[in-house]
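Work through the exercises below with the sequence and the model open. Each task is followed by a solution in steps.

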Amino acid sequence: MASPTVAPSERTPAGRRAQRSRLRPGRIAVFIFLSLITVAVLFPIAYVFNESLISAAGLRNGTLLAIPPSLDSLSEVWRRSGMPLSFINSLIYSSGSVIALWVVGSMAAYAGTKLKMKGRNALLFGIVLFLALPFQTILYPLFAQIKDLGWVNERYGLIVVMTAFGLPVTIFQFAAYFRSLPNEVVEAAKIDGASALRTLFQVILPMSMPVLAITGVLNAIWTWNAIYLPLILITKRDNQTMVVTLAQLVGESGVTNTTAASIAVLGMLPMVIFFLIAQRTIIKGMASGAVRG
Amino acid sequence: MKTTNVASEGTFRPSMRQRVLGRNPHGEGVTGLLFFAPALILVFGFKGLPLVRGILTSLTVKGHFVGLANYERMLKDHLWLESLGNAARGFVVLPIFIVVPLFLAAVLFQRVRGWKFFRATFFLGYVLPAAMAGIMFGIILGSNGPLLSFLRAVGLGGLAVPLLARTETSLWAVYSVVFWAWFGFGTLVYLGGLAAIPEDLYDAAKADGAGFLQTLMHITVPAVLPTMAYWTVVCTSGFLLGLFPFLHTLTAGGPGYSSLLPEYYLYRAFTQPVDPGYSSALGLSLFVFVLLITLLEIRLLYGRAE
């Protein structure tokens, strides 16, 4: 019997075990089953993509397929949503938060795992504990606080808040990774006379590519997709994120199915592209960060 | 040869030089605090402090201390209770969210041709902005959408109901969209859990002649219980705290309050002129609610895993 498809990167014993073949007709049925699910997943996306490309003439005629495709609807939405400004805003918020989370998170995790200080575990635990606190619970007091600070509608305000909210998870991930690094590396750097700061940024972090990639990607995704926080903290359209701006467009007048579809397409496009590029890291990050068995 | 004599924390033997210079043997405390500082300020400042203020505020009405009056009001709040009822109804579909991804993960684990492609596609829904997914499904499930057009075309016009606009179906329509978005994540989580199962268990089962389903029931499921517990907690907190983008773009809690969930009611309380004391009380109650349910689930599922 021909050997089954072998996943080239499979390393776990259980995985290899699962690769030994099962019934052939069974596998075909499984494949069809999975394909059907894939169709169910992709159909909505394909539908809105198609719908967004329908020309004005096509709308009047009630044609189903966008042939020939027209960018009219998409460009109208592009214009109405204040692009590319909102896209740039989202870029600023996400990259600002990701970088801040990397720096602040790695520092705290480093102190919590590699620096000799009393109470480091307690501090780590205290921070990570806030994982459990959802921001809806503190919505009002948080907003009041931001208002008092004068940060409402300020770009750095949103970045600071998003960083604060992403820290528990990020620090948890950094700490778990740092713990797996041997202490000898830190000792060696100390012997060479490096300060803690230098050790972290010039020795440890270059060795931490996996966790940097994972935290970077995961934080990029949630900060980009978030609507609750930006909705509350940003009041002027000029400073608003892309996703929120687009979502708010739907409430406005003159939104046909095609317009709504274009809104959805524009909103999803950056993430679709990001996913295509960073697939491996995203999946690895989600899976490894998730298993707590 | 080590030149420092700090062998491990607590067994410091200062050299003559260090004793003379009075160097702090556990000297990284200051550095440590400095490293922790930004994180501490951010987390305690923007999560801890608001929490404390929230608790205090919840005990006030219009700025005056009133003890638990807000909580009493909450218990009589018709809309709040409705939203809790809807949340409870949502838990009816929680088992689907928990079991189906496990099944899919078990299937994918067989490594059929292209399983990585399937895994990635299933996961795509989770990566997309939920608000956009909501808009997308608003179209798909809408009166001019493909679903209804299809039903009419095949002669099932009677079933062609705009699901999001009917009180009987709006809640379930929302949960269906959420399922579309989240099942891939669950599959991924379970795949990780399955990969951690030691091979010997499967070998023993095969030696005993167990088939696919038997292996699934007696080996895989018990070994995957911790992962299931984790995923259950994720889904539960997601149900109670993470549906906002979907609700906001699909139904805004309507029609009426058929799809109103506590989380969305909180949002409404925030955007409308409702007493801050009351909305703080609502928020805290929701938090406690989530904590209790997840603790219960962890006890149930992790307890079973022993």
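**Exercise 1.** State how many residues each chain brings to the contact, and how much area is buried.

Solution. Count residues with heavy atoms within 4.5 Å of the other chain: chain B gives 92 residues and chain A gives 104 residues. Next take the buried area, the accessible area (1.4 Å probe) that two parts lose on being put together, summed over both. Between chain B and chain A this is about 8900 Å², with 76% from carbon and sulfur atoms. On the chain B side, Phe35(B), Phe46(B) and Lys47(B) lose the most area to chain A, together 10% of what that side buries.

The model is predicted: local features need pLDDT of at least 70, side-chain atom pairs count only at pLDDT 80 or more, and totals for chains, interfaces and linings use all residues. Residues are numbered from 1 along each chain as its sequence is written, chains are lettered from A in the order in which they are written, and side-chain values use heavy atoms, without hydrogens and water.

**Exercise 2.** Find the salt bridge across the interface of chain B and chain A.

Solution. Search for a side-chain nitrogen of Lys or Arg within 4 Å of a carboxyl oxygen of Asp or Glu. The rule finds one: Arg53(B) pairs with Asp148(A), the closest N and O atoms being 3.5 Å apart.

**Exercise 3.** Is Thr236(B) buried or exposed?

Solution. Apply the cut-offs: buried is under 20% relative accessible area, exposed over 50%, partly exposed in between (1.4 Å probe, protein chains only). Thr236(B) is buried because its relative accessibility is 0%. Beyond neighbours within four places in sequence, Thr236(B) contacts Phe91(B), Leu94(B), Ile293(B), Thr294(B) and Glu297(B).
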